[in-house]
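Thanks for sharing this one with me. Here are my notes, written as a short tour you can follow with the structure open beside you.

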Amino acid sequence: MPRDSTLNTRLFAAACLGITLLALALRLLHIDNQPLWADEAFSFFAAHVGRWPDDFLREGNPPLYFALLKLWTSVVGESTAAIRILSALFGLGFVAAAIWTAATLFDRRTALYAGLLTAASPMAIYYAQEARAYSMLLLALMLCLGTLWRALQTHRPIAWVFFAAAATFALYSHYLALFALAPSLVAVLLQADYKRHLTPYALALLSALVALAAWLVPSLAAGAGQGEIHHWIAEVWQRTPPLGALPKSFVILGLGSHAEFAPVFLKQFSALEPNKALLYLGLGILLLLVASALAVVIKRPRHPESGATLWLLVSLCLPLLGLWLLSWVRPYYVVGRYDMIVLPAFLLLIAWGLGQLHRWGAKGAWLAVGLGATLITVTGERLYGYYAAEPVAYGPPATATAELLSHSIQENDLLLLTGMRQLPVLYELRRYGVQWQGGTSCTLPSEASFRCVTIPYDSSDFGLLLGATRDGLQPTETTSDWLQWALASHHAHHDIWLVADIFRNRASEQQLQEIRRLLHQQGYRAVTLKTTHHDLRIIQLRRSR
């Protein structure tokens, strides 16, 4: 690790501790203010009711996060905060790993800047408060950057073992880590003695790929990634729009998102109104700091720091460019989500830009402090709105839906769930003592039960991955097939509760109308609900007598 005489060990350790505590506070603050949305509810139920290994082999993501979440919630509980705190801990590790990696690549001053930027990064905080694998992925990718560079500098076999472990960790966090690991070869080739590193590098990376293949090959054989599970990414790609994907990613990586900017749901960020003056100010500072970071390449092209800078630049640009070009053929680029694979390299590059300014003397140091403080102020304004935002529902609120159902549904009634309403509603029902453990049976607090059937919108539907469907019934079968199966064992004198999809697009509305038409043919008629919530998209149906 390079030494920086201006920062002694005790001062550096104290600053790192302060940054870590700040990061922890920012990741725990209001962590349960927002309700679990569809993706997070899927994580919870995948961990708890998914059938091992069948459901996980068909799932489009690696199993590591779900396994850890199951273990975690078995210890700390199943509340919204408990479910998300696991991601917060990964987010805290991301900050600590950023400090260590920046010190490994550059110096201690840059390490402190990296820690501060990572601690206050809007997107790092967002994913540290989301019950998905992305926070774990960020930690793993940051460790890949640090362990690889350390292996290249120390030439120790154990260092290559650590890099192989970090790469395996990343690949089992998310398959898109493959794109983030691709530039690692550039780090090797930038070394003056690169030939001596090629063999240990190849062995380390190959061991990680073999470890991944042990899961990925049977997963592909089981049908993961087939069918229509990809359709939502194609829709997001068109809404971005494609030509604006790369510039939008740069803004989101540095400053976070706001209303109607990212094409995907980002809870609080999806409701924030942007302060355009601060947005442009922050963007200008980011561009200036990137230029400052690259200055070392021009001034001292043969210095190890120049190699580290070029590697970070390639690690930032190559994965994004690869995803972007590939997406013109088969969309994979999702602004605000899948572009996060370059966030570790981005934050390190910006931190190095600040560190570089100190080499200009006292004026440069004051400029670095000023720009850093201004950038933190810009992101702080965004974070203030993030923390102050009211709960943002992804469609009709699942909490109100669950409250109405828990007080109204009776023994032997039939609950029909469609689209992405399924799992958030089933999770919120647990608050009222209603338990669902997969399959088609829910248990009321009175220990009476009612039937719960999910009717898939397509083969990407969450319920298919959780054993919530009848064995042998394929997603290619029609809505009529699903409904007839659901009604086959339903007692005609009990009510049916239809909870419609959150989306009001043409396909979902057509499915809803088909379900209502088929139920109408069976003699079921809608009953007026007594509720103050008039847009829950719940329909109670009762058979005419």
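1. A word to keep in mind before we start: a residue is called buried when its relative accessible area is under 20%, exposed when that value is over 50%, and partly exposed in between. Take D107 as a first example: its relative accessibility is 10%, so D107 counts as buried. Please also remember that this is a predicted model.

2. Staying with D107, look for its charged partner. R359 and D107 form a salt bridge, with their closest N and O atoms 4.0 Å apart. This pair links distant parts of the chain: R359 sits in the loop between α17 and α18 (362–388), D107 in the loop between α5 and α6 (108–119), and 252 residues separate them. While D107 is buried at 10%, R359 is partly exposed, with a relative accessible area of 40%.

3. Next, find D39 and R337. Their side chains meet in a salt bridge, with an N to O distance of 3.4 Å. Here too the pair links distant parts of the chain, since D39 belongs to helix α2 and R337 to the loop between α16 and α17, 298 residues apart. Are these two buried or exposed? D39 has a relative accessibility of 9%, so D39 counts as buried. R337 has 6%, so R337 counts as buried as well.

4. A third salt bridge joins the side chains of D193 and R196, at 3.7 Å from N to O. Salt bridges that share partners also join E40, R84, E130 and K267 into one network. How many salt bridges does the count come to? The count comes to 11. As background, side chains of opposite charge can pair when their charged atoms come close.

5. Now turn to T101, which lies in helix α5 (residues 80–105). Its relative accessibility is 0%, so T101 counts as buried. What does the side chain of T101 reach at 3.3 Å? That side chain reaches the backbone oxygen of M142. Setting aside residues up to four places away in sequence, T101 touches M142, L145, G146 and L348.

6. L29 makes a useful contrast to look at. You will find L29 in the loop between α1 (9–28) and α2 (38–49). Its relative accessible area is 37%, which means that L29 is partly exposed. Beyond its neighbours within four places in sequence, L29 is in contact with Q129 and Y387. To get a feel for distances, trace from L29 to G364: these are 335 residues apart in sequence, and their C-alpha atoms are 34 Å apart in space.

7. For another distance, go to Q153 in helix α8 (residues 134–154). Between the C-alpha atoms of Q153 and Q191 there are 9.1 Å, while the two residues are 38 apart along the chain. Q153 has a relative accessibility of 36%, so Q153 counts as partly exposed.

8. On the surface, please colour L243, L321, L325, L326, W328 and V329. Together they make a nonpolar patch of about 630 Å². One of them, W328, is placed in the loop between α16 (304–327) and α17 (343–357). W328 is partly exposed, because its relative accessible area is 46%.

9. The strands deserve a visit too, starting with β4 (residues 449–455). This strand is mostly covered, with 6 of its 7 residues buried. Strand β1 (residues 414–418) pairs with β4 in the parallel sense over 5 bridges, and L415 stands opposite C452. Strand β3 (residues 441–443) runs antiparallel to β4, joined by 3 bridges, and T443 stands opposite S449. The hairpin of β3 and β4 has 5 residues between the strands, and there E447 takes a positive phi near 75 degrees.

10. Last, look at strand β7 (residues 538–543). Strand β5 (residues 496–499) runs antiparallel to β7, with 4 bridges joining them, and I496 stands opposite L541. Strand β6 (residues 524–527) also pairs with β7 in the antiparallel sense, over 4 bridges. In that pairing, which residue of β7 is the bridge partner of R525? The partner is R542. When you trace these strands, keep in mind that in a regular strand the side chains alternate between the two faces of the sheet.

How values were computed: Residues are numbered from 1 along each chain as its sequence is written. This is a predicted model: local features need pLDDT of at least 70, side-chain atom pairs count only at pLDDT 80 or more; totals for chains, interfaces and linings use all residues. Side-chain values use heavy atoms; hydrogens and water are left out. Patches are made of residues with over 30% relative accessible area and no salt bridge: like charges are joined within 9 Å, nonpolar side chains (Val, Leu, Ile, Met, Phe, Trp, Tyr) within 5 Å. Accessible areas come from the Shrake-Rupley method with a 1.4 Å probe; for residues, only the protein chains shown count as cover. Helices (H or I, at least four residues) and strands (E, at least two) are DSSP runs, numbered from the N terminus. Buried means under 20% relative accessible area, exposed over 50%, partly exposed in between (1.4 Å probe, protein chains only). Two strands pair if DSSP finds at least two bridges between them. Contact means heavy atoms within 4.5 Å. A polar contact is a pair of N or O atoms within 3.5 Å; within protein, one must be able to donate a hydrogen and the other to accept it, and residues adjacent in sequence count only if both atoms are side-chain atoms.
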